[in-house]
Amino acid sequence: MASMAIFNRSRSLIKSLNPQHDFSKLKSISTFSFLSQEAQLAESPPPPQATSPLPPNPASGSPLYSQNWRNPYPPPFGSNSSLIPVSGFNQSNTSRIQALSDTLDVSSLMNTFAEWMTSHQWLDMKQLFEFWTASLDKNGKPNKPDVHLYNHYLRANLMIGASAAELLDLVAQMEDFALMPNTASFNLVLKAMHQSKETEAAEKLLQRMLETGNAHKESLPDDESFNLVLSMLFSENLDTALKILDTALKSGYTLSLDVFNGCVYSCLSKGRPEWLASVIEKCKKMEQNKVQCPSWNLSNYIAEVATQTDNKELALYSMEFLAKWIARGEAARPPVLLSVDEGVVVSALGTAARTYDSKLLDVSWSVLKHSLRQKVPNPESFLAKITALASQGNLPKAFAALRELEIAYETSNSEDLFSPFTSLNPLVMACSKNGFVTLDEVYFQLEKLSEAKPPYKSVAALNCIILGCANIWDVDRAYQTFNAIDATFGLVPNIHSYNALICAFGKLSKRDEAVKVFEHFVGLGVKPNSATYSLLVDAHLIRRDLKAALSVVTDMVNAGYHPSKEMLKKIRRRCIREMDYESDDRVASFAREHQIRMGSENRRNMLFNLDYSTEYV
C-alpha cells in the first residue's frame, strides 16, 4: 500500500508540472516494489593489468587467424566460399588416418580394409596403406605388408581410377617389400587394361603370367585372367584369341558365358564355323564347360550359318542348344513356350540329307515336334525328312515318313506334293540306286504292308517304283508294277502313274507306246498335266520327230499350260542339228508369245562345230 501511495504522489507531481500532456497513456516502468536507495560514490577502478589479447575475429579475414586455437590449420588462400573451409576436414581426415596407421598391425589393417571396402572408402584405404607402410611397428621396425594386403592397395588404386601403367608400377614396387605378385595382383592390372582396351598389353601380361607360373604357381593365370584377355581379343584378333582359348581349354579352365558368346559371335561373323564347332566339341568334353549354352537368338544364328555352309557338327550343336532352351522354358514356372522356326528345321534336315547324318536328322525332327506341340508339320518338313532318310539309304523309314505325309495331307489338292518327278524324286533315286534288287525289295515290302492290319496301300509309293524302273531302263518291270496298282493293290492309277510309264517307254525310244498310254488315260477322263506334255516332247525328240514335238507344244498351250524354257531349248537344239529352220521359227514364235528369253547357243555351237580331224597334228 505504501508503494502505491508513493506512485500516486509521483503521478500527481508530474501532472502539476505539465498539465497539457495526456497522461492516460502513461505506463509504469516496473512492477517491482519500490526500493528506497541512497546514492553512493563509486570506487576508483583498479589499475589495468597486462593480459594476453583475445584471438582475432575469424570473420575479419585477418591473416593471424592461423594462430587461432580452434583451428590450427590455416585456410587455403582465396578460399571464401564457406564459413568453414573443406580442406580443413580433409586435413583432419588425413591426420586421423595417419594416427590410425600407428595403431594397426597386419591383421587389424586387413579387418579395417574389409570394412572400408563395403563402404567404398577407396581413397582412405590408399592413404592408410601408404601411411602404414611409412610407419614403424611396435618393435620399431618398418611395417611390412603381405601380398594379400598389397592386393587391397592395388584394388583401391584401381577403383580410384589408376591406369594400367600405374598399376604395373605398383606391382613392380612389390619387390621393395620382398613380395611376389600372385594371380590376384595381375588380375587387377588386367582389369585396368580391359577398361582401357589395351589388348596387346593384356596379351603380353598373360604370357608373362604363364611364364612366371612355371616357377611360382601362385602367379599362374586363373579363369578370370583368361576371360578378361579373351573378351578383348575376340573383338580384335580372332586368330590369337582362338590360340589362347585352346590353351585355356587344354589346361582345364572354365569359360564365362560372356566369353563363350563372344567366341560364338566372332567365329560366325568372321566365317569360321568349323573353328566354332571345334571349340564347342572341346567344351562338351570338359565337365566344367559342358553346360555352356549360347542365348536363344545366338543359337538360331548358329543354325542359320551351319545350314548355309552344310556344317553338320555345328548344325547338330545348334539343334541341341535350341532343345535345351525349349526344355528350360517348359520347366519354368510359369512356363515359357519357345518354338523354333520351321524353316530353320527344314534347313537342318536338308543339311542332314546332304551330309548323310542320321543323328542330325533325329535331333532336328525332335526339336520340330516339340516346337509345334501336337500340330501337324508342313509338307516341306515331311519332304525334307523323306529326302534325308532316302539319302542315307534308310528306305523303310523313308516310306514310313511318306505314309505320315499321306495321312496328314490326304485331301491336299497340290498336284506336285506326291509327284515322283519332283518332291519324291530323292526317294525314286534311292530305290533305283542298286538296280532291280532294291526295287524288288521295296515292291515286296509294300506288298506285305498291303496285307497287314491295318493295311498300307500307297499309289505314290508304287509310282516311285515305276519311275525307278524307268531310270534303270527296265520297261518290263515298270509295266508290271503299273498293272499291279489295280490288280494286286486294288488302287486306281493317277496321272503320275501314267507319266512314269510314259517316261519308261520314252527312254527306250518306244514313242508309239508312250503315245498310246497318253491316249488311253485321256480316254479314261484323266487330265494330263505339264509333265505329261514334257515327257511326250522328249519321246518325239528321241525319234527326231520335230513336227510331232511342236504339235504336242501346241496341244499343251491349248490345254492352258505354258511351255518351259528348257523344253523350247531342247526343240531348238534339235532343229539346228536337223537344219529344220521352219521348225526353229515356230519355236521362236512360241518363245515370243510366252515372253521367254532363249539366249544364245554359242558355247554349245563351238563344241558342235569342232573339227576333230588330224590335219593339225
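**Helix pairs, core and loops**

Helices α21 and α22 pass one another in a left-handed crossing, a term used when the near helix is turned anticlockwise from the far one by less than a right angle, as opposed to right-handed if clockwise. The structure in view is a predicted model, in which local features need pLDDT of at least 70 and side-chain atom pairs count only at pLDDT 80 or more, while totals for chains, interfaces and linings use all residues. Residues are numbered from 1 along each chain as its sequence is written, and side-chain values use heavy atoms, with hydrogens and water left out.

The protein chain holds 29 helices and 0 strands, both being DSSP runs numbered from the N terminus (H or I over at least four residues for helices, E over at least two for strands). Of its 617 residues, 41% count as buried, that is, under 20% relative accessible area with a 1.4 Å probe and protein chains only, whereas exposed is over 50% and partly exposed lies in between. If one takes the contacts (heavy atoms within 4.5 Å) between residues at least 6 apart in sequence, 64% join residues at least 24 apart.

Two packed helices are described by the angle between their axes and the distance between the axes. For α21 and α22, the axes come within 8 Å and cross at roughly 165 degrees, where axes are lines fitted to C-alpha atoms, for helices over the stretch in contact, and angles run from 0 to 180 degrees between N-to-C directions. The two helices are therefore roughly antiparallel to each other (over 145 degrees, with under 35 as roughly parallel, 65 to 115 as roughly perpendicular and the rest as oblique). On the α21 side, the contact is made by Leu462, Asn463, Ile465, Ile466 and Cys469, and on the α22 side by Arg477, Ala478, Thr481, Phe482 and Ile485. Sorted by class, these residues give 7 nonpolar, 2 polar and 1 charged, with Ala, Val, Leu, Ile, Met, Phe, Trp, Tyr, Cys and Pro counted as nonpolar, Asp, Glu, Lys and Arg as charged, and the others, Gly among them, as polar.

In the loop between α21 and α22 (475-487) sits Trp473, a residue other than glycine whose phi has a positive value, near 60 degrees. Trp473 has 52% relative accessibility and so counts as exposed. On the other side of α21, in the loop between α20 (436-450) and α21, lies Pro454, and the peptide bond that leads from Lys453 to Pro454 is cis, with omega near -5 degrees.

Helix α21 also matters for the interior. The largest nonpolar core, a set of buried Ala, Val, Leu, Ile, Met, Phe, Trp, Tyr and Cys residues joined through side-chain atoms within 4.5 Å, has 166 residues, and those with the most contacts inside it are Leu230, Phe234, Leu245, Met319, Leu402, Leu427 and Ile571. Helix α21 (residues 459-471) gives the largest share of this core, 10 residues. Met319, once its neighbours within four places in sequence are left aside, is in contact with Ala303, Val344, Ala348, Leu360, Val363, Ser364 and Val367.

Leu230 and Leu245 appear again where α9 packs against α10, since Phe226, Val229, Leu230 and Leu233 in α9 meet Leu238, Thr240, Ala241, Ile244, Leu245 and Ala248 in α10. This contact divides into 9 nonpolar, 1 polar and no charged residues. The axes of α9 (residues 223-233) and α10 (residues 238-250) come within 9 Å and cross at roughly 155 degrees, which makes the two helices roughly antiparallel.

A further pair is formed by α11 (residues 257-269) and α12 (residues 273-284), whose axes come within 8 Å and cross at roughly 155 degrees. Phe260, Cys263, Val264, Cys267 and Leu268 of α11 make the contact with Pro273, Leu276, Val279, Ile280 and Cys283 of α12, and by class there are 10 nonpolar, no polar and no charged residues.

Some single residues complete the tour. His120, in the loop between α3 (106-118) and α4 (122-134), has a positive phi near 60 degrees and is exposed, with a relative accessible area of 55%. Leu535, by contrast, belongs to helix α25 (residues 530-542) and counts as buried, at 13% relative accessibility. Apart from neighbours within four places in sequence, Leu535 is in contact with Phe421, Asn499, Ile502 and Cys503. Pro334, finally, lies in the loop between α14 (312-331) and α15 (342-355), and the peptide bond to Pro334 from Arg333 is cis, with omega near 0 degrees.
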